[in-house]
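Reader: Hey, got a minute? I'd like to talk through how this thing is put together.

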Amino acid sequence: MPISRVSLLKGKSPAYLRALSDSLHQALVDAFEVPLYDRFQLIQQHEANELVFDRNYLSHQGKPRSDDFVVIQITAGRERSAATKAAFYRRLVSLLAESPGLWAEDVMIIINTAAAEDWSFSGGVMYDGVAQYSKADEMK
Amino acid sequence: MPISRVSLLKGKSPAYLRALSDSLHQALVDAFEVPLYDRFQLIQQHEANELVFDRNYLSHQGKPRSDDFVVIQITAGRERSAATKAAFYRRLVSLLAESPGLWAEDVMIIINTAAAEDWSFSGGVMYDGVAQYSKADEMK
Amino acid sequence: MPISRVSLLKGKSPAYLRALSDSLHQALVDAFEVPLYDRFQLIQQHEANELVFDRNYLSHQGKPRSDDFVVIQITAGRERSAATKAAFYRRLVSLLAESPGLWAEDVMIIINTAAAEDWSFSGGVMYDGVAQYSKADEMK
């Protein structure tokens, strides 16, 4: 929680995918109130005709999207404020620009929200919504 | 916004996938209040044992689903009325019947809704919810 | 309705995938008020670097997750009570332990909920929300 679905075109190196994963998680920790070890991501690499996107619609500063376009759809376990979401978007784009070197116009982000009771992390146990930070985090 | 996840069995031609993509987008524009250039789709082609579906459950006019079965799950950026949704379902099935030639019983549709603030189209900028139609649309 | 997205690492046998699918559906029928023939699942098999997960965060009884880790994200057509969800989580983990033999710590579950009007099962017809049990179910 959250869990992120990351979609992009095939052809990137393992190092690129790792950098993308790292920056996404760092942005969640930095700006979306996510615990350090709460890291769950599903990456999907598409063939060119499986990832359909308009290169110009509402793109940043009118620059067209490129073949590096990535969609990041995040299912969160509780609502964040609009201000937190806005700061998260900025932080994520900033970190992705550093590593793996994604242009800002190539990043689309969507957040969906479920309730705490809609999650079981493990063991068939319903998430209680209070364990925001695990023992692992306390040790950091 | 919206973004659509399209799931079907592997084995269709590029032309078929393109026709499926085109009809989906046309139905969104015609009947779901989506701007012409607001086109974002993620297509996933499954192996036979990865796409599990009952051939008869609530199928149209009792006709069984075939191997052409497609699931279209749409994440929208704002709520539409029930009447709009119903008209969209009808329009989508009608267009898919024309091209690529899908039987009505083979189309399952699910809509999920997020808020405007849950979207960043590009550049780390939160969607303001008012840019329903881009300049590109004004020019059409 | 519901429709489930199941994500796991590549490398499992067809029999394993079938057992996973069967146990998921059985748990939905047993404990989530899902009709017997209402079975729709999308299975995605990932390369190792496409399925990113922390092995210890909130894991069951502190046992680390293994390479058998599976994410089950369910989109339901109406809200269930917290008690029903909790019982479903327990039932699902119990059935998966029997077959295909998944450890409890390797099962993550997330539920998203849409409204009845957000579904069309087939034929472009909006789901009316009352057909909880089909004729096929009445015959069982």
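Author: Sure, one term before we start: two strands pair if DSSP finds at least two bridges between them. By that rule β6(A) pairs with β5(C), with two bridges joining strands that run antiparallel. Helices and strands here are DSSP runs numbered from the N terminus, with H or I over at least four residues for a helix and E over at least two for a strand.

Reader: And how should I read the numbering, and is this an experimental model?
Author: Residues count from 1 along each chain as its sequence is written, while chains are lettered from A and ligands numbered from 1 in the order in which they are written. This is a predicted model, where local features need pLDDT of at least 70, side-chain atom pairs count only at pLDDT 80 or more, and totals for chains, interfaces and linings use all residues.

Reader: OK, back to β6(A) and β5(C). Which residue stands opposite A:Trp119 in β5(C)?
Author: That's C:Ile110.

Reader: What sheet do those strands belong to?
Author: An open one of six strands, in the order β6(A)-β5(C)-β4(C)-β1(C)-β2(C)-β3(B), with mixed pairing. β6 (119–120) of chain A and β3 (51–53) of chain B are at the edges with a single partner strand each, so one side of each has no neighbour in the sheet.

Reader: What packs on the sheet?
Author: Helix α2 (residues 82–98) of chain C does, touching β6 of chain A together with β5 (107–113) of chain C. The direction of α2(C) makes about 140 degrees with that of β5(C). Contact here means that the C-beta atoms of two residues, placed from the backbone, lie within 7 Å. For the angles, axes are lines fitted to C-alpha atoms, for helices over the stretch in contact, and the values run from 0 to 180 degrees between N-to-C directions.

Reader: How do β1 and β2 of chain C pair, parallel or antiparallel?
Author: Parallel: β1 (residues 3–9) and β2 (residues 40–46) of chain C share six bridges. One of the facing pairs is C:Leu8 with C:Gln45 in β2(C).

Reader: And in chain A?
Author: Six bridges join β1 (residues 3–9) to β2 (residues 40–46) of chain A, and the strands run parallel. A:Val6 stands opposite A:Ile43 there. Between these strands the chain goes through helix α1 (residues 14–31) of chain A, in a right-handed β-α-β crossover. Right-handed means that, with the strands pointing away from the viewer, the path from the first strand over the helix to the second runs clockwise.

Reader: Switching to helices. How do α1(C) and α2(C) cross?
Author: Their axes come within 9 Å and cross at roughly 145 degrees. The crossing is right-handed, meaning that the near helix is turned clockwise from the far one by less than a right angle, with anticlockwise being left-handed.

Reader: Which residues meet there?
Author: From α1(C) they include C:Leu24, C:Ala27 and C:Asp30, and from α2(C) they include C:Phe88, C:Arg91 and C:Leu95. By class, the contact has eight nonpolar, two polar and two charged residues. Ala, Val, Leu, Ile, Met, Phe, Trp, Tyr, Cys and Pro count as nonpolar, Asp, Glu, Lys and Arg as charged, and the others, Gly among them, as polar.

Reader: Now the chains. How does B map onto A?
Author: A turn of 120 degrees and a shift of 0.0 Å along the axis lay chain B on chain A with an RMSD of 0.0 Å. The two copies are thus related as by a three-fold rotation axis. The superposition is by least squares on the C-alpha atoms of residues with pLDDT of at least 70 in both.

Reader: How many residues make the contact between B and A?
Author: 29 from chain B and 31 from chain A. On the chain B side, β2(B) gives the most, with five residues. That side divides into 14 nonpolar, 10 polar and five charged residues.

Reader: Which strands join up across it?
Author: β3 (residues 51–53) of chain A and β2(B) run antiparallel, with three bridges. A:Leu51 has B:Leu42 as its bridge partner.

Reader: And where A touches C?
Author: There, 30 residues come from chain A and 31 from chain C. β2(A) supplies the largest share of the chain A side, six residues. β2(A) also pairs antiparallel with β3 (residues 51–53) of chain C over three bridges, and A:Leu42 stands opposite C:Leu51.
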